[in-house]
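Visitor: Please pick one part of this model and give me a close look at it. Then follow the connections outward from there, in one continuous account.

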Amino acid sequence: MENKKKLNFKDIMINYGVIIIVVLLVIYTGITSPNFLSVNNLTNILNNMSSRLVIALGIAGCIITAGCDLSAGRMIGFGACIAGTLLQRIDYSNKFYPEMEPLNIFVALIIVMAICALFGSVTGFFIAYMHVPPFISTMAMMEIVYGINMIYTNSTPLGGYVTAYTNLSTGTFLGVSYLIWIAVIVAAITWFIFNMTRHGKYMYAIGGNPQAAEVAGVPVNKTLIIIYAKAAAMYGLAGFMLGAKAGGASVNLGLGYEMEAIAACTIGGVSVSGGRGKVSSAILGVAVFEILKAALQFLGVNSNAQWIALGIIIFIAISLDIRKYVARK
């Protein structure tokens, strides 16, 4: 007679507790505030999700290898500020480069992603070859990038962007915002990398057991550098998107976004213990976070108290993930 594992209430709450709570909150908010489920509000949620998803997809690769990236938030601000200095109108009174014509937005994007990827590869080098723990290495890079950004911009807010750049957030294709399309394209590319490439297989192998992966011939060091460089490039892209949406940028843009991204990945199913996680995990986690924030706003929860709620969700998500890891062992 086969022993079939039954999923009891405790197991359901451990695996899906946060999601269940958010679903119940959405139902309650939808009943008490009909506008919450309106097309306009759902579109706003998707727009807010777009840049957050790009960040989460970048950081997911780091988490799958049992690492993290605390530099993401500062890298986002750095990317946004680089883009801002390259895409100001020629007639803007406070133009950063007064004599320079604004660049083509695609050229500016490539520059932003390349510079951020360079910093990410340095982080990956210290993690891979110098064996500096990801927590310490990315924290150091967080401070370095922030300092460089402050020196570069002289801590001056940026604005006066060309229309082609700000249209990135206001324009649509087939009735869907360009920002959402960018997130969809990045998600599709990331899914392909995770599931259909040798690099993706290496990534999961490193997260499962780096020593065994190295013995099996996986180029662990090279793979780690690529993962952190790729993640940083995606943070640069997210900063580019957020700059277009805000119509301006400062060194503090993106501050704290890395914590939400890590928590979102964990809520969705990317394990902080490494070796497990999908693109769908990041999508689910980001959706939960953005829907939760929107629901709390519609319920009239104090904006400061919302941070407490988000912090509690992070506590619960990480605790449940660790509990699942211990149970598997």
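**Gly61 and what surrounds it**

Guide: In this predicted model, Gly61 is in contact with Phe194, Met203 and Ile227, when residues up to four places away in sequence are not counted. Gly61 belongs to helix 2. Its relative accessible area is 0%, so Gly61 counts as buried. Arg276 is 215 residues away from Gly61 along the chain, yet the two C-alpha atoms are separated by 9.9 Å.

Helix 2 also leads to a cavity. Searching the whole structure for cavities of 30 Å³ or more gives two. The second largest cavity holds about 70 Å³ of space. Its lining consists of Arg52, Ile55, Tyr257, Glu260, Ala261, Ala264, Val286, Phe289 and Glu290. Three elements each supply two or more of these lining residues: helix 2 (39-64), helix 11 (257-268) and helix 12. Helix 11 gives the largest share, with four residues. By character, the lining of this second largest cavity splits into six nonpolar residues and three charged ones, with no polar residue. As for how such a space is found in general, a probe the size of a water molecule is rolled over the atoms and shows where empty space is left.

Helix 12, one of the elements in that lining, runs over residues 279-298. From the first C-alpha to the last, its 20 residues reach 29 Å, which is close to the 28 Å expected at 1.5 Å a residue. Most of helix 12 is covered, with 14 of its 20 residues buried. Gly300 follows helix 12 and has a positive phi, near 75°.

Ser281 is one of the residues in helix 12. Its relative accessibility is 7%, and because the limit for buried is 20%, Ser281 falls on the buried side. Beyond four places in sequence, Ser281 touches Ala264, Cys265, Gly268, Gly269 and Val270. Ala264 also appears in the lining of the second largest cavity, so Ala264 links the contacts of Ser281 to that cavity's wall.

The nonpolar core is the next thing to place. The largest one has 95 residues, and Leu87, Tyr165, Tyr235 and Phe240 are those with the most contacts inside it. Helix 10 (residues 220-246) contributes 15 residues, the largest share of this core. Ile227, in contact with Gly61, has a number within the 220-246 range of helix 10. Tyr165 contacts Ala83, Leu87, Ile105, Gly239, Phe240, Gly243 and Ala244, leaving aside neighbours within four places in sequence. Two of these partners, Leu87 and Phe240, are also named with Tyr165 among the residues with the most contacts inside the core.

Just before Leu87 in the numbering comes Leu86, which lies in helix 3 (residues 72-86). With a relative accessible area of 9%, Leu86 is buried. Apart from residues up to four places away in sequence, Leu86 touches Tyr97, Met100, Pro102, Leu103, Ala108 and Ile111. Gly124, by contrast, is 38 residues from Leu86 in sequence and 27 Å from it in space, C-alpha to C-alpha.

Some residues elsewhere give a contrast in exposure. Ala140 lies in helix 5 and is partly exposed, with a relative accessible area of 39%. The C-alpha atoms of Ala140 and Gln306 are separated by 29 Å, with their positions 166 residues apart along the chain.

Two loop residues beside helix 5 have a backbone angle worth noting. His131 sits in the loop between helix 4 (105-128) and helix 5 (134-153), and Asn154 is in the loop between helix 5 and helix 6 (163-170). His131 has a positive phi of about 60° although it is not a glycine, and Asn154 likewise has a positive phi of about 60° without being a glycine. In general, most residues other than glycine have a negative phi. His131 has a relative accessibility of 64% and therefore counts as exposed. Asn154, at 61%, counts as exposed too, because the limit for exposed is over 50%.

To return to the starting point, Gly61 is buried at 0% relative accessible area and sits in helix 2, an element that gives two or more residues to the lining of the second largest cavity.

Technical notes: Residues numbered from 1 in each chain as written. Predicted model: local features only at pLDDT ≥ 70, side-chain atom pairs only at ≥ 80, totals over all residues. Heavy atoms only, no water. Core = buried A, V, L, I, M, F, W, Y, C linked by side-chain atoms within 4.5 Å. Buried < 20%, exposed > 50% of the residue type's maximum accessible area, 1.4 Å probe, protein only. Contact = heavy atoms within 4.5 Å. Expected span 1.5 Å × (residues − 1). 1 Å grid on protein atoms, 1.4 Å probe; cavity = no way out; pocket = protein on both sides within 12 Å on 5 of 7 lines; lining within 4 Å. Points joined across faces, edges and corners; volume = space filled by probe spheres on them. Nonpolar A, V, L, I, M, F, W, Y, C, P; charged D, E, K, R; others polar.
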